[in-house]
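Q: I have a model with several chains and a ligand on the screen. How should I read its interfaces, its ligand site and its unusual backbone geometry?

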Amino acid sequence: MHTTIQLTVNNAPCEATVDTRTLLVDFLRDQLDLTGTHLGCATGNCGACTVVLDGLTVKACTVLAADVAGSAVTTIEGWTQDARQSGDLHPIQDAFVKHHALQCGFCTPGMVLSVQQLLKEKPNPTEAEIRHGIAGNLCRCTGYASIVKAVQEIARMSSE
Amino acid sequence: MIRAPLQFHRPHSIDEAVRLLSQCAQDGEDAKLLAGGQSLLPSMNLGLVAPAHIISLNHVTGLDAIRRDDDMLAIGAGTTHRSLAESEVVQTYCPILSETAACIGDVQVRNRGTLGGSIGHFDPAADYPPVLVLLDAAFRIVGPNGERTVAAKDIFVDYMTTSLSADEVLTEIRVPVLSPDTGTAYVKFTRVEGGFAIVGVGACLGLNSDGTCRSIRVGICGAAPVPVRLTAIEDTLKGKTVDDTFIEAVADAAYETAHDPVAELHAAADYKREMVRVFTRRAVKTASERAA
Amino acid sequence: MAYIGSAVSGILDAKLVAGKGQYTADVSLPGMGYMAVVRSPYAHARILSIDTGAAQQHPGVRIVATGADIKQWSRPIPHTLNPSAFGGKTTDIYCLAIDRVHYVGTPVAAVVADTRHAATEAANLIEVEYADLPVVIDAERALEPDSPLLYPEWETNELMHVRFQGGDVERAFADADHILDDTLHLHRHTATPLEPRAALAHYDDRAERLTLWVSTQAPHPLRTTLANTLEMDENDIQVIQPQVGGAFGVKIPTYQEDPLACLLSKRTGKPVKWVEERTEHLMAGGHAREQTLKFSVACKADGTVVGLKVRIIGDVGALAAVAGWGMSYVASFVVPGPYKIPNCEVDLSIVVTNKGPWNAYRGFGKEAASFLMDRVMDRVADTVQMDRAAVRLKNFVPKDEFPYVQISGATLDSGDYAKALQDVMDKAGYQSFAEEQQRLHAQGRYIGMGVGFELTPEGGCIPDSFIGGYEGATVRVSPSGQVTVLTGVTSPGSGNETGIAQIVADALGVPLSTVRVVQGDTQACPYGLGNWSSRSLFMGGSASLYAAREVHHKVLRVAASMLKTAPEDLDCEQGRIRVKGQADREVAFNDVAEYVHKRPFDHHAFDMEPGLESTRYFRMGNIHHVPDDKGRINTYPSYPYAACVAVVEVDIETGVVTLLRYVTVHDCGTVINPLLVEGQFQGAVAQGLGGLIYEQLSYDDNGQLQTGTFMDYTLPTAVEVPSVEIHHQEVPSPFTPLGTKGAGESGVSSPFGTIVSAVENALMPFGVKIHDTPLTPQRVWRMIQAAKNGNNGGAKA
Ligand SMILES: Cc1cc2nc3c(=O)[nH]c(=O)nc-3n(C[C@H](O)[C@H](O)[C@H](O)COP(=O)(O)OP(=O)(O)OC[C@H]3O[C@@H](n4cnc5c(N)ncnc54)[C@H](O)[C@@H]3O)c2cc1C
Ligand code: FES
Ligand code: FES
């Protein structure tokens, strides 16, 4: 069974026909080739599939593509594009690179999107707030220590 | 991945949703309402449930409204955990509900999951049910025969079973406005951050001007297949001085009530029962510290 | 040296952080089908029949296969390490089960269809009829004579029995002041990288060639194994490893699904993609750790350990071709770790049970040895009433006795164990901790400090296998001066590509940005064994260094001729080749490269071999497979280690253990890049902590896995894992050109002994003794209750 949806993906209008059971994560990956969104568990636990839906982070394995008709979805690809003010990367991404806040990179796109949500709400988070803010994103490698460092540095820079 | 094909419905009103539910029931087809999907989608991805129809509530407007209605707060079933946690109205008039919402899952789960969905799913370890039970919340439900209101003590029937029938939609949850001097707390014991509660305890404590107990209500998840409320002792403690003995009496009562906890892999029944005591103590203590 | 030793960011990081990494599941081919695998719901059963009729008819289905088909179409998968080569039993493993299933999750049938949905639907339509067989899930029970047998032809469930022995153990025990016994139990858990396993197989009918994109750590050995299983020429197979989303060992071997996808692609003539689901991974992706460790230790009143008897029972689940059982072997090989205990014997039984097969997981048995030895030292300390660290200091192999040969043949290369421990104690404030502890105890808080020490043999090299102690690399300079390094080692996210680029950039004197590292493609890269046992940088990096030096030598010869001087008088830095001390006499590296390629018959290059490319192999000089006079061989060339201190708080009402601090002094020899090494160490400690407290693969009595999703297999989040305080002690390895030792694996072992020691220390007022993991709140709480009731679970002394 299929349905046609219209939505905005990474700032561009998008119309697509999807099998009604298609998860948002699979829609993005398989139909739109936006493979920066990853699939790690499909039970809402790992956060590798995190995307921004109408301004808020969600786990795209717990959302049906058919249900996001009319919504705006931003993936790591679109966010990176948006974030490019000068240079190639957003300051969050620069800080991740500087502190090697990633190893295999599988959790990273989701982690970056969770960090941007956190910093949007709390520009100057405490260490505990950082850790709670990324608790929905598992990093098995696990770069938590350097992720925390990276976020602290961004917060420090923006408060200067 | 969802294993079985499904028909997706996008109603724009509650009535339409109810009609769709009834239609499916008549056709003998399994239908599920979809709210935030934070419980339903993982279950479908694992193949634990495979409804033939999904009826999304995410396109019904107004289901996420929060209003003050005299001495009650009326909260739309579609209100997300995040909105509940951040709502100034809820923080002011029923802070325990905000505190509870804020400790559910993680940021992404709270951004998407809803109060109504949590009740519809009714996991024995879910955080809202014990709190709604202690608040004597009322549940507005719309079905093919119109609307009815169910009291908290009647909605959570048995292990993962509510009194909602398959063709009904929960639309609103009504909780009392708490007097500003009430001390409230919800504390929760999990294995890792963002996990479900092994035990969760909510407490509301009102004090008389002399520091004695004006009212106390305690609701607990993890003590039994359904949330328990310490009704018996709540009355007898009125007028008592709130001190360590008082707190211990509540904790003991909680322990006695928790005679049937659902055993888990890392929490056998006897251990859970002890944890009910510990976390009841902590909840009441915090509530008493917060009571003006 | 411009780059070696500096904290250069990962060269792939900018790409990965933008979501541009291409993992196996991200690769797609036109016309590809999707594979779904049907797995056994029973832990032990005979397959009576498989009805594939309905599945075959399902729309979109291209092929359905069962064990019977597979047996016709392919050969058994060669074992990564065959237990029979170690005097053990063995069995043939095909891509799908033949006749019998031995664990829940055993693959029994497979479907390929046009879409993933169709494949899954068809898989559900396959009806398998099973006849239940009795289940054994406990290793000690499995050793009893009347136990159900997994492989009846063995007439036992003991896969292998191993003994290592040295000195005069009985004599040592007879002369001891104290003898004490204890039994420890480590529980089952697993690596579970965030990226599940995945494969995309494409058999091209016209070219008669197979290409496999796969999330693997070892592409070349995989190709050899595939050729064998599929009865194809290795030349007709190309294995490509895209970006890998974490591996930690589980992606070393050839899984059944790899050749399976290839076979089904070959039979359908179209590409086949398979992406594992998390539940499949937790059932069948490979388990680790579950072992019973019994010891009897003899010591003097001054804390000197004079004798040690160890009995290990490894519960390795069912047998698979993936060599996970080897971890139990290594656990016994490493005993007694960093300690000098010449009178020592280890008796090992590796036992099969109806649980998921073991597969490599970071630590590879060394964590068991480390936990065991830390417990031995703590027990001795208790018994002789000495400080726990002091007992370790007394028994360490002294720094002037390297190379030191342990009873198994393990030849410890270098180090200063005592200094590492003393340093970490200083850094952590070990001496003043008791005061703080007392103060907090008075407030009703239970804080404890523990010490631990891990020895992490690296670069394992096992005779007659692809687990080898050598590596190859090619360094190639293009006419424009761009440098390509092709390596036999791979990176599953561990960062060695960056370290190797640093080494090569330094050796050539060029900017790091001009160096590109290519890994994980059997068509492009020199033959190599892949990534495991922390070998990639110290072996792959050494091979790259050799190749780079050779190219560098050529470049300098040409440059010297151009500058009319001798090669020895030249310096090369950031792509400028200068005459030492004469800033104005220089030539660009790029110009030399162009010259060599374009003017091989001209003045400066006519007398040498054309081309700027070298392939070199590096072998470890301290591995020996010819038995010594005591019959010992050394299978590990590098022995990094870490001394650790942990501080924990125990909530005695709930049993919750919170790790407050973890401090370490770590020696992995020369540090090429502190950012990478520390990242690896942080991750390793986090996994050790996860394994010790939060993660468990638990089975019920029927052999059903109870923790098959991330909802109940709970991985620690950023909230549970504190940042580790890491200090380096660089004692260079004498056996590698840069002094590097293995790094990456270490850190995963020490949390077991260190944190357990800290928890015991916190619970000293109760006298609790810990023997079993995981340290779940419930377990800790029960121990406290038992101790309050007068049973502290103490060791039998
Ligand atoms: C990683 C993770 C962690 C979590 N941690 C916690 C936790 O700590 N504590 C906790 O309490 N929960 C936790 N949850 C569950 C979460 O709170 C869910 O959001 C909630 O249980 C379901 O709400 P939903 O809106 O997502 O409902 P859905 O998943 O969409 O629906 C759930 C069920 O309710 C029914 N339903 C939905 N809306 C209605 C309605 N209006 N009327 C009638 N029936 C309805 C649906 O048909 C379905 O059966 C967690 C979930 C995840 C994925
Ligand atoms: S894949 Fe969505 S949370 Fe893991
Ligand atoms: S970097 Fe590998 S999972 Fe986070």
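A: Start with the contact between chain A and chain C, which takes 46 residues from chain A and 52 residues from chain C. Keep in mind that this is a predicted model.

Q: How much area do chain A and chain C bury between them, and what share lies on carbon and sulfur atoms?
A: The two chains bury about 3,800 Å² between them, with 59% of it on carbon and sulfur atoms. On the chain A side, A:H100, A:R131 and A:R140 supply 21% of the area buried against chain C, more than any other three residues.

Q: Which polar features should I look for across the interface of chain A and chain C?
A: Side chains of opposite charge can pair when their charged atoms come close. Between chain A and chain C the rule finds 5 salt bridges. A:D26 forms a salt bridge with C:R116, where the closest N and O atoms are 3.8 Å apart. The cut-off for such a pair is 4 Å, so this distance counts. Polar contacts are tallied separately, and 22 residue pairs qualify, both residues being at pLDDT 80 or more.

Q: Which elements of chain A give two or more residues to the side that touches chain C?
A: They are α1 (24-31), α2 (76-83), α3 (91-98), α4 (108-121), α5 (127-133) and α6 (144-159) of chain A. Of these, α3(A) gives the most, with 4 residues. By class, that side of chain A has 20 nonpolar, 16 polar and 10 charged residues.

Q: How many residues does the contact between chain B and chain C take from each chain?
A: This contact takes 22 residues from chain B and 31 residues from chain C. The area buried between chain B and chain C is about 2,200 Å², and carbon and sulfur atoms give 59% of that. In chain B, the residues that lose the most area to chain C are B:M1, B:R3 and B:R191, together 29% of what that side buries.

Q: How many salt bridges and polar contacts join chain B and chain C?
A: The rule finds 5 salt bridges across this interface. In one of them, the side chains of B:R282 and C:E653 meet at 2.8 Å, N to O. The count of residue pairs in polar contact is 9, both residues at pLDDT 80 or more. Helix α12 (residues 269-290) of chain B gives the most to the side of chain B that touches chain C, with 8 residues. The residues of that side divide into 14 nonpolar, 1 polar and 7 charged.

Q: Where does ligand 1 lie?
A: Ligand 1 lies between chains A and B. Of the 33 residues around ligand 1, those that come nearest are B:L33, B:G37, B:Q38, B:T114 and B:D127. By class, the shell has 13 nonpolar, 17 polar and 3 charged residues.

Q: Which backbone atoms should I check around ligand 1?
A: A polar backbone atom of B:G105 is 3.1 Å from an oxygen atom of ligand 1. For B:S118, the distance from a polar backbone atom to a ligand oxygen is 3.3 Å. A backbone N or O atom of B:G195 lies 3.2 Å from an oxygen atom of ligand 1.

Q: Is ligand 1 buried or exposed?
A: Taken alone, ligand 1 exposes 970 Å², and the protein buries 95% of that. The elements that give two or more residues to the shell are β2 (31-34), α7 (115-121) and β10 (169-176) of chain B. The largest share, 4 residues, comes from α7(B).

Q: How many salt bridges does the whole structure hold, over all chains?
A: A search of the whole structure finds 84. One within a chain is the pair B:R229 and B:D136, at 3.0 Å, N to O. This pair links distant parts of the chain, 93 residues apart: B:R229 is in strand β14 (residues 228-229), and B:D136 is in the loop between α8 (128-134) and β6 (138-143) of chain B.

Q: Which backbone features deserve a check?
A: Most residues other than glycine have a negative phi, and most peptide bonds are trans. A cis peptide bond joins A:C141 and A:T142, with omega about -25°. A:T142 is in the loop between α5 and α6 of chain A. The peptide bond from C:T773 to C:P774 is also cis, with omega near 0°. C:P774 sits in the loop between α19 (750-762) and α20 (777-788) of chain C. A:D33 has a positive phi, near 60°, and is found in the loop between α1 and β3 (50-53) of chain A.

Key: Residues are numbered from 1 along each chain as its sequence is written. Chains are lettered from A and ligands numbered from 1 in the order in which they are written. This is a predicted model: local features need pLDDT of at least 70, side-chain atom pairs count only at pLDDT 80 or more; totals for chains, interfaces and linings use all residues. Side-chain values use heavy atoms; hydrogens and water are left out. Contact means heavy atoms within 4.5 Å. Buried area is the accessible area (1.4 Å probe) that two parts lose on being put together, summed over both. A polar contact is a pair of N or O atoms within 3.5 Å; within protein, one must be able to donate a hydrogen and the other to accept it, and residues adjacent in sequence count only if both atoms are side-chain atoms. Ala, Val, Leu, Ile, Met, Phe, Trp, Tyr, Cys and Pro count as nonpolar, Asp, Glu, Lys and Arg as charged, and the others, Gly among them, as polar. A residue is near a molecule or strand if one of its heavy atoms lies within 4 Å of it. Accessible areas come from the Shrake-Rupley method with a 1.4 Å probe; for residues, only the protein chains shown count as cover.
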